[in-house]
Amino acid sequence: MTIKPLADRVLLKSVEAEETTASGIILAASAQEKPEISEVVAVGPGTEKNPMTVAVGDKVIISKYAGTQVKVDGVEYTITEVKEILAVVE
(Lines give C-alpha, C1' and ligand atoms only; values in the text may rest on other atoms or scores of the structure.)
Protein backbone atom coordinates (compact mmCIF):
# COMPACT_ATOMS: atom_id res chain seq x y z
CA MET A 1 0.00 0.00 0.00
CA THR A 2 1.26 3.50 -0.77
CA ILE A 3 0.31 6.80 0.82
CA LYS A 4 0.02 9.91 -1.36
CA PRO A 5 -0.28 13.16 0.63
CA LEU A 6 -2.81 15.71 -0.59
CA ALA A 7 -2.56 19.52 -0.83
CA ASP A 8 0.15 20.86 1.52
CA ARG A 9 0.66 17.62 3.47
CA VAL A 10 3.96 15.76 3.91
CA LEU A 11 4.53 12.07 4.76
CA LEU A 12 7.41 11.63 7.22
CA LYS A 13 9.24 8.61 8.61
CA SER A 14 11.00 9.08 11.94
CA VAL A 15 14.75 8.67 12.09
CA GLU A 16 15.70 6.09 14.71
CA ALA A 17 16.18 7.47 18.22
CA GLU A 18 19.58 7.26 19.85
CA GLU A 19 19.88 4.19 22.05
CA THR A 20 22.94 5.43 23.93
CA THR A 21 23.85 8.77 25.44
CA ALA A 22 27.01 10.70 24.58
CA SER A 23 28.68 9.17 27.64
CA GLY A 24 27.80 5.61 26.54
CA ILE A 25 24.80 4.89 28.78
CA ILE A 26 22.31 2.58 27.05
CA LEU A 27 18.72 3.87 27.26
CA ALA A 28 15.69 1.62 27.65
CA ALA A 29 13.01 2.04 24.97
CA SER A 30 10.67 3.67 27.49
CA ALA A 31 13.30 6.31 28.35
CA GLN A 32 13.90 7.36 24.76
CA GLU A 33 12.19 10.51 23.55
CA LYS A 34 10.16 10.64 20.38
CA PRO A 35 12.54 11.60 17.58
CA GLU A 36 12.07 15.12 16.29
CA ILE A 37 14.10 14.52 13.12
CA SER A 38 12.23 12.80 10.32
CA GLU A 39 12.84 11.93 6.69
CA VAL A 40 10.43 13.14 4.01
CA VAL A 41 8.97 10.09 2.25
CA ALA A 42 6.33 11.77 0.06
CA VAL A 43 4.96 15.27 -0.52
CA GLY A 44 1.70 16.67 -1.81
CA PRO A 45 1.56 19.22 -4.64
CA GLY A 46 1.34 22.17 -2.24
CA THR A 47 -1.16 25.00 -2.35
CA GLU A 48 -0.97 28.64 -3.36
CA LYS A 49 -1.05 29.65 0.30
CA ASN A 50 1.41 26.93 1.45
CA PRO A 51 3.81 25.97 -1.36
CA MET A 52 5.92 22.84 -0.94
CA THR A 53 9.32 23.82 0.49
CA VAL A 54 10.72 20.32 1.08
CA ALA A 55 11.45 17.39 -1.21
CA VAL A 56 11.52 13.62 -0.84
CA GLY A 57 14.67 12.55 1.00
CA ASP A 58 15.07 15.76 3.02
CA LYS A 59 15.68 15.38 6.75
CA VAL A 60 13.50 17.80 8.70
CA ILE A 61 12.80 18.84 12.27
CA ILE A 62 9.18 18.89 13.41
CA SER A 63 7.65 19.78 16.74
CA LYS A 64 7.12 16.88 19.15
CA TYR A 65 3.36 16.66 18.81
CA ALA A 66 2.94 17.67 15.15
CA GLY A 67 0.87 15.68 12.70
CA THR A 68 -1.06 12.44 12.73
CA GLN A 69 0.62 9.09 13.27
CA VAL A 70 -0.37 6.23 10.93
CA LYS A 71 0.94 2.68 10.61
CA VAL A 72 1.07 1.06 7.16
CA ASP A 73 2.56 -2.38 6.50
CA GLY A 74 4.17 -2.34 9.95
CA VAL A 75 5.94 1.00 9.42
CA GLU A 76 4.97 4.11 11.41
CA TYR A 77 4.63 7.40 9.55
CA THR A 78 3.57 10.94 10.44
CA ILE A 79 1.38 13.00 8.12
CA THR A 80 1.71 16.72 8.75
CA GLU A 81 1.23 20.05 7.03
CA VAL A 82 4.33 21.63 5.48
CA LYS A 83 3.91 24.67 7.74
CA GLU A 84 4.49 22.44 10.81
CA ILE A 85 8.04 21.67 9.63
CA LEU A 86 10.43 23.83 11.63
CA ALA A 87 13.72 23.32 9.73
CA VAL A 88 15.59 21.25 7.17
CA VAL A 89 18.69 19.41 8.47
CA GLU A 90 21.67 19.74 6.11
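Here are some quick notes on the structure above, for someone meeting it fresh.

1. Start with what kind of model this is: it is predicted, so please read everything below with that in mind. The chain has 90 residues, with six strands and zero helices. Going along the sequence, the pattern is simply β-β-β-β-β-β.

2. Now the sheet. The six strands make an open sheet, and its order is β4-β5-β1-β2-β3-β6, with antiparallel pairing. On the two edges sit β4, residues 68-72, and β6, residues 85-89, each of them pairing on one side only. From one strand to the next, the twist averages 40 degrees. As background, strands in a sheet pair through backbone hydrogen bonds, and they can do that parallel or antiparallel.

3. Have a look at the β4 edge. Strand β4 is joined to β5 (residues 75-81) by five bridges, and the two run antiparallel. If you want one pair to click on, try Thr68, whose bridge partner in β5 is Ile79.

4. What makes up the largest nonpolar core? There are nine residues: Val10, Leu12, Val40, Val54, Val60, Ile62, Ala66, Val82 and Ile85. Two elements, β1 (9-14) and β3, give two or more residues each to this core. In general, nonpolar side chains tend to be buried together in soluble globular proteins.

5. Val82 is a handy core residue to zoom in on. Setting aside residues up to four places away in sequence, Val82 touches Asp8, Val10, Asn50, Pro51, Met52, Thr53 and Val54. Val10 and Val54, by the way, are also members of that core.

6. Is Ile61 buried or exposed? Neither, quite: its relative accessible area is 28%, and because buried means under 20% and exposed over 50%, Ile61 counts as partly exposed. You'll find this residue in strand β3, which spans residues 59-62.

7. Stay with Ile61 for a moment and look across to Leu86. The two are 25 residues apart along the chain, yet their C-alpha atoms are separated by 5.6 Å. Leu86 is also one of the contacts of Ile61, if you leave aside neighbours within four places in sequence; the others are Glu36, Ile37, Ile85, Ala87 and Val89.

8. Last, some totals for the chain. Of the contacts with a separation of 6 or more, 62% are between residues 24 or more positions apart. Buried residues come to 24% of the chain. The accessible surface is about 6,200 Å², and carbon and sulfur atoms account for 54% of that.

Terms used:
Residues are numbered from 1 along each chain as its sequence is written. This is a predicted model: local features need pLDDT of at least 70, side-chain atom pairs count only at pLDDT 80 or more; totals for chains, interfaces and linings use all residues. Side-chain values use heavy atoms; hydrogens and water are left out. Two strands pair if DSSP finds at least two bridges between them. Helices (H or I, at least four residues) and strands (E, at least two) are DSSP runs, numbered from the N terminus. Axes are lines fitted to C-alpha atoms, for helices over the stretch in contact, and angles run from 0 to 180 degrees between N-to-C directions. Buried means under 20% relative accessible area, exposed over 50%, partly exposed in between (1.4 Å probe, protein chains only). Contact means heavy atoms within 4.5 Å. Accessible areas come from the Shrake-Rupley method with a 1.4 Å probe; for residues, only the protein chains shown count as cover. A nonpolar core is a set of buried Ala, Val, Leu, Ile, Met, Phe, Trp, Tyr and Cys residues joined through side-chain atoms within 4.5 Å.
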